[in-house]
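Please take a moment with the sequence and the model shown below, and then follow the explanation that starts from a single residue and works outward.

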Amino acid sequence: MKYFLNLSIVVFLIFSVAPIWADNGHKNGGKQAIPRPVDKIQYQLMQLIKQKLLLQKELKKLDGENPSKEMIDRIGAIQSRLDRLNENYEALATQIPKEKFPAPHRQTEWLEELQNITRPILNSLREFTERPRRIDNLKAEIETLTSRISTYEIARKNILSLETLQINASDVSDLIEKEKRNLISISEIKQKYKDDLSTLKDRYNPEMLKLELEEAQRSLMNLKDVDGDLVSVVASSLSEFMSVRGRNLIIAFVLLVGVFWALLFAYSVVETRTQFLNKIKRSTRKFIKTIYLLVIFLIAFSASLFSLYLVNDWLLLSLLLLILAAIGWTSRQFIPRFIQELKLTLNLSSVREGERIFYEGIPWLVKEIGLHAKLHNPRLDGGMIRVPVNKLIGLSSRQFVKEEDWFPCKVGDWILVDESIFGQVASQTPEQVILKYYESRKTYLTPEFLTLKPRNLSSGFMVGVTFGLDYAVQDRICEELPDLFHSHLKETFKDMLESQPPAMKYLKVQFSQASASSLDLFILAEFSGALADRHYSLKREINNALVDACNKHNLTIPFTQMTVSLAPDAQSAFTKE
């Protein structure tokens, strides 16, 4: 923006002095002399000097009077105009815009505060990366100095051309004609012109920059000539770190663990050797222990920080505090969930120790809730699992009944699944249940196995058989024949009925229904779990005994018959034949 402002002022000055050049042309016999570019610049500099002199005289006059608010404002405005005129004069004399030399960027206050907080860490990193950073800084400095030397040489060349140019007295006289003669003189303008150019010539002297460039190049060469590769530099830095920082870190860690262990050991002594804590309710005792663990951790952590303070290791102290602040900042969104987990740990939530809970489709006994929850199922192999506490959020437990089973079977039991799959339990774990029948095996996921509602035959089972007789025994089917078959079955399975304990616990024969082609009897027998492996063979043995009774008493077993009804015409035709 300043660059465009400078250009606007230059254009304005050019147009303002154009009539004067025209008048000078008329004075020279009517011939208009074409001014050179350097003459224009000289004349414009004279204009700026004249304005600066007038402003300085006005400023000096105002300083000698009693200050008032209006006068102070006027002085500030004049000083601001003088600063702008000085900038314009410098840009016009050197022909270099001020954007070539941008003002240094100042850090904001919060960045300064952050730098103060992290200064020990930054200092350590600065020491670790000093050599590569110095190399990069020197390269950047060399590049900047080279560019500035080139710019200064151009500016000095322009200033020297103006300094060697003769001052035209008539041009200066024309400038003063428009102003009050008693304020400034021609000699003042000439002297001020020479003084300002001399000041600018000294300011834009590139010799000092060349010396700085040579020094920067020499320093860069020295740094590049230093022996040692990256591995040696890193090894040296690590060795230095471990000799000082590492020792302090080990001391702080040992103090943290030692204080925590000592206070925890004191609690365990009070818990085991006295009966004071045992008299308190379990949930209250867990709450006290949790608060105690939190307090002793804070004490141990504070002790480790204090040890770093005593050895004046501000780097590790600042680093640990920043890590602690970062953990606190990032964990703010987990506070509600942490409170829920804390309630579970303290046995104050919907899941409590000593109660029954369904977790992932399997019943469990909640043994203990701490950092992890211990769930136990006594019927399963490997039935003790540890679950993160957050997995129990949203679940509910209840008091269990002593008589209820924790699983429908145990290893060695005979199971009937979906009324079609028969086998013995070879293994059951929280993940899978394996059934075997002779050499064949079938595997189920444990939650899937429970959804199939397996029937445990090892705890006892019933066998039901439907048996049909011919309609010729219709008059005997209700009382005589059921007793006959019952007696025959008792005789056949006499050993099972009389064994101790009895293998066959119950036997009943009754008329069931009249089917389309038979009169059906229903035989129901209950066996003990010891005969579970003979579930299917017992059914066949009962059928075998029923057929044997029919053969012995000349009873007919009907077969399925089909009745055909003929139309009247077909029936008469059949009769004629």
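**From one serine outward**

S304 counts as buried, because its relative accessibility is 4% and the cut-off for a buried residue is under 20%. Like everything described here, this value comes from a predicted model, and it is best read with that in mind. S304 is found in helix 11, the helix that covers residues 282-310 and that also holds F301. F301 is buried too, with a relative accessible area of 17%. These two residues are linked by a polar contact, since the backbone oxygen of F301 lies 2.6 Å from a polar atom of the side chain of S304, and the limit for such a contact is 3.5 Å.

What do these two residues touch once their neighbours within four places in sequence are left aside? For S304 the contacts are A252, L255 and L256, while F301 is in contact with L256 and L324. L256 therefore appears in the list for S304 and in the list for F301, where contact means heavy atoms within 4.5 Å. Along the chain F301 and L256 are 45 residues apart, yet their C-alpha atoms are separated by 5.7 Å.

Another buried residue, N248, has its place in helix 10, which covers residues 230-273. N248 counts as buried because its relative accessibility is 4%, and, with its neighbours within four places in sequence set aside, it is in contact with L308, V311, D313 and L316.

**The whole chain**

It helps at this point to step back to the protein as a whole. Its secondary structure comes to 18 helices and 12 strands, and buried residues make up 32% of its 577 residues. Of the contacts with a separation of 6 or more, 65% are accounted for by residues 24 or more positions apart. A search of the whole structure finds zero disulfides. As for individual cysteines, C409 is buried, with a relative accessible area of 0%, whereas C478 is exposed, with a relative accessible area of 54%.

**Strands that pair**

The next stop is a set of strands that can be followed in order. Strand 2, made of residues 362-369, pairs with strand 3 in the antiparallel sense over four bridges, and a hairpin of two residues joins strand 2 to strand 3. Within this pairing, I369 stands opposite A373 in strand 3. Strand 3 also pairs with strand 4, residues 384-388, again in the antiparallel sense and over five bridges, and the bridge partner of H372 in strand 4 is P388. Strand 3 itself, residues 372-376, has two faces: A373 and L375 are on the covered one, while H372, K374 and H376 are on the uncovered one.

**A helix with a buried side**

Which strands and helices does helix 15 pack against with its buried residues? Before answering, consider the helix alone: it has 13 residues, 480-492, which at 1.5 Å a residue should span 18 Å, and its end C-alpha atoms are 19 Å apart, so the two values agree. The buried residues of helix 15 are L481, P482, L484, F485, H488 and L489. Because these residues cover an arc of only 160° around the axis, they lie on the same side of helix 15. The face turned away from this buried side carries the exposed residues D483 and E491. The buried residues pack against strand 10 (461-469), strand 11 (504-514), strand 12 (519-527) and helix 17 (535-552).

**Backbone details in the loops**

Finally, a few loops deserve a careful look at their backbone. The peptide bond from Q500 to P501 is cis, with omega near -10°, and P501 is found in the loop between helix 16 (494-498) and strand 11. E360 has a positive phi of about 55° although it is not a glycine; this residue is found in the loop between strand 1 (356-359) and strand 2, and it counts as exposed because its relative accessibility is 60%, where the cut-off for exposed is over 50%. Y438, which is not a glycine either, has a positive phi of about 60°. Y438 is found in the loop between strand 7 (432-437) and strand 8 (440-445), and it is exposed, with a relative accessible area of 69%.

Notes
Residues are numbered from 1 along each chain as its sequence is written. This is a predicted model: local features need pLDDT of at least 70, side-chain atom pairs count only at pLDDT 80 or more; totals for chains, interfaces and linings use all residues. Side-chain values use heavy atoms; hydrogens and water are left out. Buried means under 20% relative accessible area, exposed over 50%, partly exposed in between (1.4 Å probe, protein chains only). A disulfide is a pair of cysteine sulfur atoms within 2.5 Å. The expected span of a helix is 1.5 Å times one less than its number of residues. The arc is that of the directions from the helix axis to the C-beta atoms. Two strands pair if DSSP finds at least two bridges between them. A polar contact is a pair of N or O atoms within 3.5 Å; within protein, one must be able to donate a hydrogen and the other to accept it, and residues adjacent in sequence count only if both atoms are side-chain atoms.
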